[in-house]
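Please look over the sequence and the model below before reading on. The paragraphs that follow lead from one strand to its partners, and from there to the core and a loop.

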Amino acid sequence: QVQLVESGGDLVQPGGSLRLSCAASGSIFSIPTMRWYRQAPGKQRELVATATRGGSTYYVDSVKGRFTISRDNAKNTVYLQMANLKPEDTAVYSCNADVIGRLGTNAYWGQGTKVTVSS
């Protein structure tokens, strides 16, 4: 079994910064891709950023230039550094990972961490 645990969500003022972390643990051989999603109240879940094991990244247009996704492959951890936060970034942020383990390749989700951007 594999678990993803996020941390770092908080209440922050507009223009502020936060760093989210997501650590994977369990029976893991490799994690090709790790992603951050977010879901704002009353809205559909949105893919925010993706990072591959090899270092490729993707960002949704609304966060380009403000968010940075990174990975520590040795720790099976993905980070999301968020800067110049806006009220519209308020959401529950969830980590998703494609994990290669003893049971093959499966997708796993964390429980989510809440980010609130408000003055």
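In this predicted model, strand β11 shows two faces, a covered one made of T113, V115 and V117 and an uncovered one made of K114 and T116. The general background is that in a regular strand the side chains alternate between the two faces of the sheet. Strand β11 has pairing partners of two kinds: β2, residues 11–12, runs parallel to β11 and is joined to it by 2 bridges, while β9 pairs with β11 in the antiparallel sense over 3 bridges. Within these pairings, V12 stands opposite V117 of β11, and the bridge partner of Y93 in β11 is T113.

Y93 leads onward to the interior, since setting aside its neighbours within four places in sequence, this residue is in contact with E6, L20, W36, Y37, R38, V48, F67, L80, M82, G112, T113 and V115. Y93 is also among the residues with the most contacts inside the largest nonpolar core, a set of 32 residues in which W36, V48, F67, I69, L80 and M82 are likewise listed for their contacts. At least two residues of this core come from each of β1 (2–7), β3 (18–26), β4 (30–39), β5 (46–52), β7 (67–72), β8 (77–82), β9 (91–101) and β11 (113–117), and the largest share, 5 residues, is that of β9. In soluble globular proteins, nonpolar side chains tend to be buried together.

Several of these strands also belong to an open sheet, in which 4 strands follow the order β1-β3-β8-β7 with antiparallel pairing. Its edge strands are β1 and β7, each of which pairs on one side only, and neighbouring strands are turned against each other by 15 degrees on average, direction ignored. Inside the sheet, β3 and β8 are paired in the antiparallel sense over 6 bridges, and L20 stands opposite L80 in β8.

Strand β3 also holds S21. Is S21 buried or exposed? Its relative accessibility is 18%, and because buried means under 20%, S21 counts as buried. Apart from residues up to four places away in sequence, S21 touches V5, E6, S7, W36, V78 and Y79.

The last stop is R45, which is found in the loop between β4 and β5. Leaving aside neighbours within four places in sequence, R45 is in contact with Y37, R38, Q39 and W109. Between R45 and Q81, which lie 36 residues apart along the chain, the separation of the C-alpha atoms is 19 Å.

Methods. Residues numbered from 1 in each chain as written. Predicted model: local features only at pLDDT ≥ 70, side-chain atom pairs only at ≥ 80, totals over all residues. Heavy atoms only, no water. Core = buried A, V, L, I, M, F, W, Y, C linked by side-chain atoms within 4.5 Å. Buried < 20%, exposed > 50% of the residue type's maximum accessible area, 1.4 Å probe, protein only. Contact = heavy atoms within 4.5 Å. Pairing = 2+ DSSP bridges. Axes fitted to C-alpha atoms, helices over the stretch in contact; angles between N-to-C directions.
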